[in-house]
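Student: I have a structure on the bench and would like to learn how to read it. Could we go through it feature by feature?

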Amino acid sequence: MIVSGSLALAACSSTPDWMNLDGLKPSPMLDTVRFESEPPGAEAKVSNGQTCRTPCALALPVSAPLTVTFTLNGYQPQSEPLEPIAATGNPTQLRPNPVTVELTPAAPQPKPVKKAAPKKKTAARPAAATSAPAPMTASPAQAPAPWPATTPQR
């Protein structure tokens, strides 16, 4: 009898995986929640990591509150809480169900202002050696001379 008891205790300490009793534990309670958005096609991402594209549904655990965030390009993200509600005689359910959101268009992104290209500074070019001489400027006006401008002929 002592031998059989020893064998039984030894067997308990080295139980193979197929004899593991974890499979008999109840799985967490789930509730299927439907997600809808206007416009459709938004990504619904739940705080537990599950995602889907609206319209869609996910089986979610009812053990704790969750948050779902809806995102869609061109629209502002929107988040909604999911609360577990226990009613007498009914299983715990998440509310609201379905979760419906109307996404707000995102403000248009300001267009980047293009800066004018900096003007290239041009260096003064030296005058070419073969260029014509600079024109002469007129001398300042002089008072008339007291003698005739032409010489008289004799």
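Student: Among contacts between residues at least 6 apart in sequence, what share joins residues at least 24 apart?

Tutor: In this predicted model, 47% of those contacts join residues at least 24 apart.

Student: What elements does the chain contain, and in which order do they run?

Tutor: There are one helix and eight strands. Reading from the N terminus, the order is α-β-β-β-β-β-β-β-β.

Student: How much of the protein is buried?

Tutor: Of the 154 residues, 14% are buried. The accessible surface is about 13,100 Å², and carbon and sulfur atoms account for 60% of that surface.

Student: Now the strands. How do strands of a sheet pair?

Tutor: They pair through backbone hydrogen bonds, and the pairing is either parallel or antiparallel. One case here is an open sheet of three strands in the order β4-β1-β8, with mixed pairing. Its edge strands, β4 (56-61) and β8 (99-102), each pair on one side only. From one strand to the next, the twist averages 25°.

Student: How many bridges join β1 to β4?

Tutor: Six bridges do, and the two strands run antiparallel; β1 covers residues 30-38. To find the register, look at T32, which stands opposite A59 in β4.

Student: Which strands does β5 pair with?

Tutor: Strand β2 (residues 43-46) pairs with β5 in the antiparallel sense over four bridges. Strand β6 (residues 78-85) also pairs with β5 in the antiparallel sense, over five bridges. T69 of β5 is a useful marker: K45 stands opposite T69, and T69 stands opposite S79 in β6.

Student: What lies between β5 and β6?

Tutor: The two strands form a hairpin with six residues between them, and G74 in the turn has a positive phi of about 90°. N73 is found in the loop between β5 and β6 as well.

Student: Is N73 buried or exposed?

Tutor: N73 counts as exposed because its relative accessibility is 76%, and the cut-off for exposed is over 50%. Its C-alpha atom is separated by 9.7 Å from that of E43, although the two residues are 30 apart along the chain.

Student: How should I read the side chains along a strand?

Tutor: In a regular strand the side chains alternate between the two faces of the sheet. Strand β5 (residues 66-71) shows this pattern: L66, V68 and F70 point to one face and are buried. T67, T69 and T71 point to the other face and are not buried.

Student: Where is T54, and why does T54 count as buried?

Tutor: T54 is found in the loop between β3 (51-53) and β4. T54 counts as buried because its relative accessibility is 5%, and the cut-off for buried is under 20%. Leaving aside residues up to four places away in sequence, T54 touches F35, E36, S37, P39, P40, G41, A42, A44 and F70. One of these, F70, is among the buried side chains of β5.

Student: What is a disulfide, and how many does the structure have?

Tutor: A disulfide is a covalent bond between the sulfur atoms of two cysteines. A search of the whole structure finds one. This disulfide joins C52 to C56, with an S to S distance of 1.9 Å.

Student: What is the handedness of the link, and are C52 and C56 buried or exposed?

Tutor: The link of C52 and C56 is right-handed, with 45° about the S-S bond. Both cysteines, C52 and C56, are buried.

Methods:
Residues are numbered from 1 along each chain as its sequence is written. This is a predicted model: local features need pLDDT of at least 70, side-chain atom pairs count only at pLDDT 80 or more; totals for chains, interfaces and linings use all residues. Side-chain values use heavy atoms; hydrogens and water are left out. Two strands pair if DSSP finds at least two bridges between them. Axes are lines fitted to C-alpha atoms, for helices over the stretch in contact, and angles run from 0 to 180 degrees between N-to-C directions. Buried means under 20% relative accessible area, exposed over 50%, partly exposed in between (1.4 Å probe, protein chains only). Contact means heavy atoms within 4.5 Å. Accessible areas come from the Shrake-Rupley method with a 1.4 Å probe; for residues, only the protein chains shown count as cover. A disulfide is a pair of cysteine sulfur atoms within 2.5 Å.
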